[in-house]
Amino acid sequence: MPARSVTPDIGGPNYTQPNTSSEPHSSTPWSPASDDQLVRARQQGLNWQTIAVTHFPNKTSNACRKRHERLMEKRGSQGEWNGGKFEEVARAYGEVREEMWKILAERVNEKWSVVEKRKTQKTDNGT
């Protein structure tokens with residue numbers, strides 16, 4: 001993917017002046033609006049440093065990355081596994097199923113189909 005040239009929207013409603021002082025970054029809470037802004041910036045393909053400098057001058061790039069990770073984990077666990085996502089995972093599983101189970105089967109010296117069957121039976125029984 002080609003590198004993106006990013007010009008901050010200076011003077012725009014979401015722009016804040018970067019912290020150019022030698023003072024450390026202050027720890028301010030994330031708001032729902034800043035969470036949305038963070039997700040949108042990442043969806044645009046911006047890197048963490050650019051996101052921090054352009055949108056969150058009082059946050060480090062690492063703070064932005066960690067917050068994004070937590071948001072994605074939270075959103076994933078809150079039912080975003082709609083029919084389309086489930087179908088996507090099922091299709092991908094079908095594509096890598098044999099290869100995935102062969103790795104484990106080789107370690108225990110068993111056929112991949114037997115390992116898959118035994119493990120899914122155990123999983124279905126709650127273990």
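Accessible area here is what the Shrake-Rupley method gives with a 1.4 Å probe. Keep that in mind for the exercises below, and remember that the model is predicted.

**Exercise 1: the overall picture**

Work out what the protein is built from, how much area it exposes and what share of its residues is buried.

Solution.
- Start with the secondary structure: it comes to 5 helices and 0 strands. Read from the N terminus, that gives α-α-α-α-α.
- Next, the surface. The protein exposes about 9,900 Å², and carbon and sulfur atoms supply 51% of that.
- Then burial: 20% of the 127 residues count as buried.
- Finally, contacts. Take those between residues at least 6 apart in sequence; 46% of them join residues at least 24 apart.

**Exercise 2: checking helix H1**

Check the end-to-end distance of helix H1 (residues 32–43) against its expected span.

Solution.
- H1 has 12 residues, and the rise is 1.5 Å a residue.
- The expected span is 1.5 Å times one less than the number of residues, so H1 should span 16 Å.
- The end C-alpha atoms of H1 are 17 Å apart, which agrees.
- While you're there, look at which residues H1 buries: Ser 34, Asp 35, Gln 37, Leu 38, Val 39 and Ala 41.
- After H1 comes Gly 45, with a positive phi near 90 degrees.

**Exercise 3: two residues of helix H4**

Classify Met 100 and Lys 102 as buried, partly exposed or exposed.

Solution.
- Both sit in helix H4: Met 100 and Lys 102. The helix covers residues 83–108.
- The cut-offs: under 20% relative accessible area is buried, over 50% is exposed, and partly exposed lies in between.
- Met 100 has 40% relative accessibility, so Met 100 is partly exposed.
- Lys 102 comes in at 36%, so Lys 102 is partly exposed too.
- Now the surroundings. Met 100 joins Tyr 93 and Val 96 in a nonpolar surface patch, with about 230 Å² of accessible area together.
- Lys 102 and Ser 113 are 11 residues apart in sequence, and their C-alpha atoms are 8.2 Å apart in space.

**Exercise 4: Glu 116**

Decide whether Glu 116 is buried or exposed, and find which residues Glu 116 touches beyond four places away in sequence.

Solution.
- Locate Glu 116 first: helix H5, residues 112–124.
- Its relative accessibility is 9%, so Glu 116 counts as buried.
- Leaving out residues up to four places away in sequence, Glu 116 touches Tyr 93, Arg 97 and Trp 101.
- One of these is familiar: Tyr 93 also belongs to the nonpolar patch with Val 96 and Met 100.

Note on methods
Residues numbered from 1 in each chain as written. Predicted model: local features only at pLDDT ≥ 70, side-chain atom pairs only at ≥ 80, totals over all residues. Heavy atoms only, no water. Patch = residues over 30% accessible without salt bridge, like charges linked within 9 Å, V, L, I, M, F, W, Y side chains within 5 Å. Salt bridge = Lys/Arg side-chain N within 4 Å of Asp/Glu carboxyl O. Helix = DSSP H or I, 4+ residues; strand = E, 2+ residues; numbered from the N terminus. Buried < 20%, exposed > 50% of the residue type's maximum accessible area, 1.4 Å probe, protein only. Contact = heavy atoms within 4.5 Å.
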